[in-house]
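Hi,

Here's the structure I said I'd pass along. Have a look first, and my notes are underneath.

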Amino acid sequence: MPAALELQNVTKQYPGAGGAPAVADLSLRVEPGETCVLVGPSGSGKTTAMRMVNRMVDMTSGDILIDGRSVMRSDPAELRRHIGYVIQNVGLFPHRTALQNIGTVPQLLGWPRERIVARARELADLVGLDPALADRYPGQMSGGQRQRVGVARALAADPPLMLMDEPFGALDPITRDHLQGEFERLKERVSTTIVFVTHDIDEAIRLGDRIAILREGGGLAQYATPGELLLHPADAFVEEFVGADRALKRLALMQVSDCELEPVGAVPAGSAAMRDDTSLRDALAALLSDPDGRLPIVDAEGRPIGVLALETVHAKLRVEAGAPSPG
Amino acid sequence: MSALASILSDFGEALEFIFTERESRAGGSEIGGTQLLGLLADHLALSAVALAIGIAVAVPLGIWLGHTGRGTFLAVGIANVGRAVPSIALIALFFAFLGTGFVNVALALALLAIPPILANAYVGIRLVEPDTVDAARGMGMTGPQIVRRVELPLALPLVVGGIRTSAVNVVATAAIAPLAGVSSLGDPIIAFGVYGESGRLGASIVVAAVAVATEVTFGLAQRLADPLPSTRRTVPA
């Protein structure tokens with residue numbers, strides 16, 4: 001069962017930090033099963049905020065509730081065994097095989113041996129780890145493989161809540177894109193609430209159900225769904241942080257199938273067809289390089305279902321934006 | 001030419017001393033040969049006790065200092081003092097204040113054994129990747145579980161390496177134990193009047209051999225202590 005997470009006026013003040021708190025009066029609520037992405041520049045306290053949830057860092061004031069129960073009422077080690085934890089450099093145990101690493105938390109929880117092994121295999125399969133790697137040591141795996149094991153290890157005991165600190169930050173762009181895609185699918189298959197920290201706004205938009213943008217000094221600038229954030233940035237800071245290309249980012253969140261298509265008859269000869277589950281951003285790129293600005297669209301089975309025009313994409317953006325918004 | 005012959009002849013006599021018994025120079029007792037076995041046993045017993053005390057003190061202390069991250073100053077300080085004080089001076093000081101006898105010599109040698117073991121245990125724990133320890137903590141391991149399951153196994157080759165250095169030091173230094181009235185392979189080296197030149201050289205060769213054997217044995221142990229797979233791939237890629 002995924003947990004509800006609530007941060008109530010959480011403040012973290014490191015001693016001797018010149019009076020400026022790392023996290024200042026942060027309040028937000030994550031609904032069960034949602035992925036909440038904490039995003040912000042360096043020094044915005046996003047990692048500190050995440051680490052206070054499993055008490056790797058203790059808060060100075062405020063409270064954090066998991067399913068209504070304060071984390072301060074649990075023994076830290078016991079609390080952490082029920083919260084998945086993934087960090088940027090994975091931190092796999094180099095002297096343990098992939099399967100042994102995945103079985104860490106079940107072992108701490110005292111599961112019987114056969115159940116640990118069965119569960120570890122199940123998880124390795126879930127995160128798409130090649131079975132040939134099960135008995136390899138971390139030193140014998142690539143960065144992407146290690147991070148898969150890291151995610152499997154965090155999910156092993158079926159935690160109601162999972163914390164991920166820039167899990168894909170240290171990977172090359174191609175592996176990162178691949179693992180982000182897998183993570184999107186994985187989210188659908190596991191029922192857990194996720195708090196995900198990143199400094200990459202594109203990653204936040206792609207993976208988050210809700211995004212909390214933190215500003216330097218650890219204050220909450222805006223907490224909204226990706227669509228809202230791109231459409232109605234709360235202030236100049238958020239607007240700058242999401243970037244000048246936020247129209248393009250919004251297109252990335254939509255698919256061709258979200259648009260009204262023109263009838264099939266108007267297909268110009270010689271244009272390569274595009275599937276209707278393509279993102280509008282990719283469709284726009286193709287439209288821009290098409291001499292007529294028109295593309296035939298097919299469904300998943302390859303049947304022609306209409307034609308997408310450049311104007312349609314433009315109109316779609318304007319409709320989505322609705323009445324002219326302030327700012 | 002004659003100098004070489006003389007060295008070879010000395011060496012030959014020393015080897016003969018190691019393998020065959022003869023009457024001592026003053027007469028009355030058998031020396032050399034199997035008599036050395038008794039001295040060897042004394043030597044190893046003394047070294048083992050000293051090393052065991054050294055391990056019992058330095059390993060837990062080094063691990064604790066490394067785990068808590070406290071006491072860099074202490075660990076480095078002890079290691080440097082250990083390096084700066086010559087072993088003979090240490091033992092002389094010890095006798096001057098505590099007197100002679102097996103226990104005192106063993107303690108003096110243990111003091112000699114502590115710095116390398118302490119420094120290696122401390123460094124071994126500190127060298128474990130901070131991310132690995134952070135992940136262990138974040139998954140709910142308690143402090144002792146982190147030490148037992150993560151830090152110690154990963155630090156073990158270095159810990160054993162420290163023990164290896166100390167073992168060789170102790171075995172070599174135990175040769176001066178007879179100065180404090182404790183029997184060891186140092187007897188023939190020190191009691192020239194009883195053993196003569198061939199006894200001195202013969203015993204020196206044995207002490208050197210024991211030191212080399214100690215080095216080799218602990219070197220093997222160090223390799224066995226490595227929890228990581230060998231660098232050769234276990235599965236063909």
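Let's start with a quick one: in which helix does Leu107(B) sit? It belongs to helix α5 of chain B, which spans residues 102-126. Bear in mind throughout that this is a predicted model.

Leu107(B) caught my eye through a nonpolar surface patch, where it teams up with Val49(B), Phe102(B) and Val103(B). Together the four expose about 310 Å² of accessible area. Helix α5 of chain B supplies the largest share of that patch, with three residues. As for Leu107(B) itself, its relative accessible area is 33%, so it counts as partly exposed.

Chain B also carries a charged counterpart. Asp10(B), Glu13(B), Glu16(B) and Glu197(B) cluster into a negatively charged patch on the surface. Three residues, the largest share, come from helix α1 of chain B (residues 2-19). Glu197(B), on the other hand, lies in helix α9 of chain B, residues 192-224. Its relative accessibility is 44%, and since partly exposed covers the range between 20% and 50%, Glu197(B) falls into that class.

Over in chain A, I looked at strand β1 (residues 5-12) and its pairings. It runs antiparallel to strand β4 (residues 61-66) of chain A, with five bridges between them. One contact to check there is Leu7(A), whose bridge partner in β4(A) is Ile64(A). β1(A) also pairs with strand β2 (residues 23-30) of chain A, again antiparallel and joined by five bridges. On that side, Glu6(A) faces Arg29(A) of β2(A).

Cheers

Key:
Residues numbered from 1 in each chain as written. Chains lettered and ligands numbered in written order. Predicted model: local features only at pLDDT ≥ 70, side-chain atom pairs only at ≥ 80, totals over all residues. Heavy atoms only, no water. Patch = residues over 30% accessible without salt bridge, like charges linked within 9 Å, V, L, I, M, F, W, Y side chains within 5 Å. Areas by Shrake-Rupley, 256 points an atom, 1.4 Å probe, with all protein chains shown as cover. Salt bridge = Lys/Arg side-chain N within 4 Å of Asp/Glu carboxyl O. Lys, Arg positive; Asp, Glu negative; His and termini not counted. Charge placed at Lys NZ, Arg CZ, Asp CG, Glu CD. Helix = DSSP H or I, 4+ residues; strand = E, 2+ residues; numbered from the N terminus. Buried < 20%, exposed > 50% of the residue type's maximum accessible area, 1.4 Å probe, protein only. Pairing = 2+ DSSP bridges.
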